[in-house]
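Hi,

Here is the structure I said I would pass on. Have a look at it first, and then read my notes below.

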Amino acid sequence: MKFIHALRYAQIKRKYKKLINDPISGQDKVFKTLIKSGKKTQFGQQHHFSKIHTVKDFQSYVPIQTNETVAPYMGRIVEGEADVLWPGKPRYFACTSGTTGEIKYVPVTRESQGNQLLGSMQMAHLYPLISQKKSLVHANCIALTGSCKTDSINGFPIGRLSGLTRKLVPKRLFAGIVPAEDTLDIPNHEEMMLQIAREAIDAEDIRVIVGFPSWVVVLLQACQEVSGSECLNAIFPNLDTFYSTGTSYQAYLPAIENMLGHKVNVREFYGSSEAFFAVQDLHQDGMLIDSHNGVFFEFIPLNEFHSENPTSFSLKEVELDKAYVMLISTFSGLYRYCVGDIVRFVSINPYRIVVSGRMQHELNIMGEHIRSEHAELVMSEVAKKMNISVREFTVAPSPIVNDTKLFYHQWFIELPDNEQVDESLLTRELDEALKSQCAFYQAFRSKEELSIPIVTRLKERSFCQYLSENKKQVDSQQKIPRVSNNRDIANFLLDHMVSTELSPDPVEVCEAG
């Protein structure tokens, strides 16, 4: 066993050095494999893969793909056709909903499954290489994944990729993984979280937790409820590592550390049902692009994306601090596929990125262009400054007709019920922080064309109830959009607050200024 671990560490270390020192050779190799394999497929024949010799050829012959354009090919695969997007047939389909709430299906081949598995494994192996701290490979781990169960359509297994990948993680990687697979199938989400809490409390030597930061908060709340203890330090004294994904963790970290009663090391990773993309290797912000692991990356400047002929850059052509829409081509047969994420490069030697937001998530009443990145940075800054424990939040536009006769932003913020907060001060701090983050917002506020925001404080578990009643499928892989350009979520939250007796106190909706 020690020999196997030593061999794996040596492999990961060699790969890490390549990501740092020679990322482009990996992209060249992946590109050649994509074109060679794609020639044998229906998609490749329709898009002239036999004529593709360079990246520019690829961009010329293959238009940008989306879930809608790929759907007809998926239909052929489901009907039993082979060699449609990738040679042969996929092993199964991964289903995902993410922030959109719409179920979509992604083919998973033997090669693309290897990408996901290697990405998952290297997170555990990379930590001691960078931190010089104790190994995590013998630790118990809490993994807030999707269900491990599969359904079937025309003989193809269908399931949540995170749950199916979990089943493939070598047992030698961790001493044990919480929760049990059956626990993830409990239909009532609140009861599922309580059962995960019971299993986590009973487990020994939990050192690692993996998941979306909002769901980690929900789990720790459940641990408090099950244990009857506000401080979980005595229960999880060795839980020192949090692998975070899905959304920025900074706004949640004070709440997580307050409940745990100690500091944790945080490492972000960036993956989706389509592929594993990047992992944070240093303490500072930025995730190292996994350029040697079966994904070919392209980047389109955000301000060009909706133009008729947007410029597309390969990894070696990108610039620092510029917003890009990311395209991926993978060994599952997705070519120039838009995953909908906006990224920025915080380093190009080596290539490290942060996720700035989603294409469809922008708050833009008058031209202020507030993206998820702005909202997350602002909330993180204000939460730290005011020492408040934000459980979840979202920002919506004001109603078209409202009492102020001006448009404004409405922040819905879930806080612990017993936490005292000066809500007028919170409103002013959010307003000032957003002015410093976004020049467009500052301009509209200075001209008083936008009114000061309104903050609506929510009771605990408000967002959980929203997900339970509005999503087709609820699990710990789903996220609340940081910003929206409609009031769908806002109206539900307000209606719920009015119609439900959450406490004897009246609903607190405060406006400052």
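Before the helices, one convention: an angle from 65 to 115 degrees between two axes counts as roughly perpendicular, and one under 35 degrees as roughly parallel. Also keep in mind that this is a predicted model.

Let me start with α8 and α9. Their axes are 8 Å apart and pack at an angle of about 70°, so α8 and α9 are roughly perpendicular to each other. The crossing of this pair is right-handed. On the α8 side, the contact uses His189, Met193, Leu194, Ile196, Ala197, Arg198 and Ile201. They meet Trp215, Val218, Leu219, Ala222, Cys223, Glu225, Val226 and Ser227 in α9. Sorted by type, the residues of this contact are eleven nonpolar, two polar and two charged.

α9 (residues 213-227) also has α10 (residues 253-260) as a partner: the two axes come within 10 Å and cross at roughly 25°. That angle makes α9 roughly parallel to α10. Here the crossing is left-handed. From α9, the contact takes Pro213, Val216, Val217, Leu220, Gln221 and Gln224, while α10 brings Ile256, Met259 and Leu260. Seven of these residues are nonpolar and two are polar, with no charged ones.

Which helix gives the largest share of the lining of the largest cavity? It is α9 again, with five residues. The structure holds six cavities of 30 Å³ or more, and the largest has about 100 Å³ of space. It is lined by 13 residues, and the closest to its centre are Ser214, Val218, Glu392, Phe463 and Cys464. The elements that give two or more residues to this lining are α9 and α14 (462-470). By type, the lining has seven nonpolar, three polar and three charged residues. Val218 is worth clicking on, as it is among the residues closest to the cavity centre and is also one of the α9 residues that meet α8.

Further along the chain, α12 (residues 423-437) and α13 (residues 439-446) have axes that come within 5 Å and cross at roughly 125°. These two helices are therefore oblique to each other. Asp431, Leu434, Lys435 and Gln437 of α12 make the contact with Ala439, Tyr441, Gln442 and Arg445 of α13. This one divides into three nonpolar, two polar and three charged residues.

Last, a few spots in the backbone to look at. As background, most peptide bonds are trans, and most residues other than glycine have a negative phi. Where are the exceptions I picked out?

- Val178 and Pro179 are joined by a cis peptide bond, with omega about 10°. Pro179 sits in the loop between β6 (176-178) and α8 (189-202).
- Asn349 and Pro350 are joined by a cis peptide bond too, with omega about 5°. Pro350 is in the loop between β15 (337-348) and β16 (351-358).
- Asp83 is not a glycine, yet it has a positive phi of about 55°. You will find Asp83 in the loop between α5 (67-78) and β1 (92-96).

If you only have a few minutes, I would open the view on α9: it packs against α8, comes within 10 Å of α10 by its axis and lines the largest cavity.

Cheers

Technical notes
Residues are numbered from 1 along each chain as its sequence is written. This is a predicted model: local features need pLDDT of at least 70, side-chain atom pairs count only at pLDDT 80 or more; totals for chains, interfaces and linings use all residues. Side-chain values use heavy atoms; hydrogens and water are left out. Axes are lines fitted to C-alpha atoms, for helices over the stretch in contact, and angles run from 0 to 180 degrees between N-to-C directions. Helices (H or I, at least four residues) and strands (E, at least two) are DSSP runs, numbered from the N terminus. Angles under 35 degrees count as roughly parallel, over 145 as roughly antiparallel, 65 to 115 as roughly perpendicular and the rest as oblique. A crossing is left-handed if the near helix is turned anticlockwise from the far one by less than a right angle, and right-handed if clockwise. Contact means heavy atoms within 4.5 Å. Ala, Val, Leu, Ile, Met, Phe, Trp, Tyr, Cys and Pro count as nonpolar, Asp, Glu, Lys and Arg as charged, and the others, Gly among them, as polar. On a 1 Å grid over the protein atoms alone, a cavity is a set of points where a 1.4 Å probe fits but cannot get out, and a pocket is an open set with protein on both sides within 12 Å along at least five of seven lines; lining residues have an atom within 4 Å of a point. Grid points are joined across faces, edges and corners, and a volume is the space filled by probe spheres set on the points.
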